[in-house]
Amino acid sequence: MLVMFILGFFLDFIEITFVVVPIVAPILLMSDISPVWLGVMMAMNLQTSFLTPPFGFALFYLRGVAPKEVTTMQIYKGVIPFVFIQIIALLILALFPELATWLPKVIFG
């Protein structure tokens with residue numbers, strides 16, 4: 001997850017998915033890890049990394065729609081609480097995988 005997080009600073013999610021998932025997914029899935037939980041963790045991890053400088057894709061989108069009075073540094077500072085919230089959510093999801101798997105179990109059995 002840390003490698004995916006760091007790669008998200010510089011690469012698009014498609015490249016990360018094509019590079020990381022084929023390497024780690026088979027090993028993790030043989031370890032009896034839920035594919036739903038793994039997918040949710042990877043998606044949340046990538047979303048978090050896209051909010052972080054130096055290249056954060058989401059930050060560039062924000063820069064494009066923000067008024068001219070808002071500086072790029074203000075956007076970088078403003079996103080810090082959201083990054084911490086998402087990291088806390090990732091930690092909670094890592095500790096309690098049932099949060100990601102209970103609904104699919106209820107729906108699909």
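Buried here means under 20% relative accessible area, exposed means over 50%, and partly exposed is whatever falls in between (1.4 Å probe, protein chains only). The structure is a predicted model, so local features need pLDDT of at least 70 and side-chain atom pairs count only at pLDDT 80 or more, while totals for chains, interfaces and linings use all residues. Residues are numbered from 1 along each chain as its sequence is written, and side-chain values use heavy atoms, with hydrogens and water left out.

Start with the overall picture. The chain has six helices and zero strands, where helices (H or I, at least four residues) and strands (E, at least two) are DSSP runs numbered from the N terminus. Read from the N terminus, the order of elements is simply α-α-α-α-α-α. The C-alpha trace spans about 50 × 30 × 20 Å along its principal axes. Of the 109 residues in the chain, 28% are buried. Taking contact to mean heavy atoms within 4.5 Å, 63% of the contacts between residues at least 6 apart in sequence join residues at least 24 apart. The chain exposes about 7,400 Å², and carbon and sulfur atoms supply 80% of that area; accessible areas come from the Shrake-Rupley method with a 1.4 Å probe, and for residues only the protein chains shown count as cover.

Next, the inside. A nonpolar core is a set of buried Ala, Val, Leu, Ile, Met, Phe, Trp, Tyr and Cys residues joined through side-chain atoms within 4.5 Å. The largest such core has nine residues: Met 4, Ile 16, Val 20, Ala 25, Leu 38, Met 42, Leu 46, Phe 50 and Phe 57. Helices α2 (13-30) and α3 each put at least two residues into this core. There is also a second, separate core of six residues, with Leu 51, Ala 58, Ile 75 and Val 83 among them.

Phe 50, a member of the nine-residue core, touches quite a list of partners. Setting aside neighbours within four places in sequence, Phe 50 is in contact with Gly 8, Leu 11, Asp 12, Phe 13, Gly 56, Phe 57, Ala 58 and Leu 59. Three of those partners, Phe 57, Ala 58 and Leu 59, are the buried residues of α4. The cover over the buried residues of α4 includes α5 (72-95). Ser 49 sits in helix α3 (residues 35-49) and counts as buried because its relative accessible area is 0%. With neighbours within four places in sequence again left out, Ser 49 is in contact with Met 4, Phe 5, Gly 8 and Phe 9.

The outside has a greasy spot of its own. Leu 2, Ile 6, Phe 10, Leu 11, Phe 55, Phe 60 and Tyr 61 form a nonpolar surface patch of about 730 Å². Patches are made of residues with over 30% relative accessible area and no salt bridge, with like charges joined within 9 Å and nonpolar side chains (Val, Leu, Ile, Met, Phe, Trp, Tyr) within 5 Å; a salt bridge is a side-chain nitrogen of Lys or Arg within 4 Å of a carboxyl oxygen of Asp or Glu. Helices α1 (2-7) and α4 (57-65) each supply at least two residues of the patch. In helix α1, Leu 2 counts as exposed because its relative accessibility is 60%. Ile 6 is in helix α1 too, but at a relative accessible area of 40% it is partly exposed. The C-alpha atoms of Ile 6 and Asn 45 are 9.8 Å apart, though 39 residues separate the two in sequence. Phe 60 is found in helix α4 and is partly exposed, with a relative accessible area of 43%. Between Phe 60 and Phe 50, ten residues apart along the chain, the C-alpha separation is 9.7 Å.

One backbone oddity turns up in the loop between α2 and α3, which holds Asp 32. Most residues other than glycine have a negative phi. Phi of Asp 32, however, is near 65°, a positive value in a residue other than glycine. Asp 32 counts as exposed, at 73% relative accessibility.

Finally, the record. In an unreviewed entry, UniProt lists residues 7-30, 36-62 and 74-96 as "transmembrane region"; UniProt positions follow the numbering used here, feature names are shortened, and annotations may be inferred rather than shown by experiment. In the model, residues 7-30 are 79% helix and 0% strand, with end C-alpha atoms 24 Å apart. Residues 36-62 come to 74% helix and 0% strand, and their end C-alpha atoms lie 30 Å apart.
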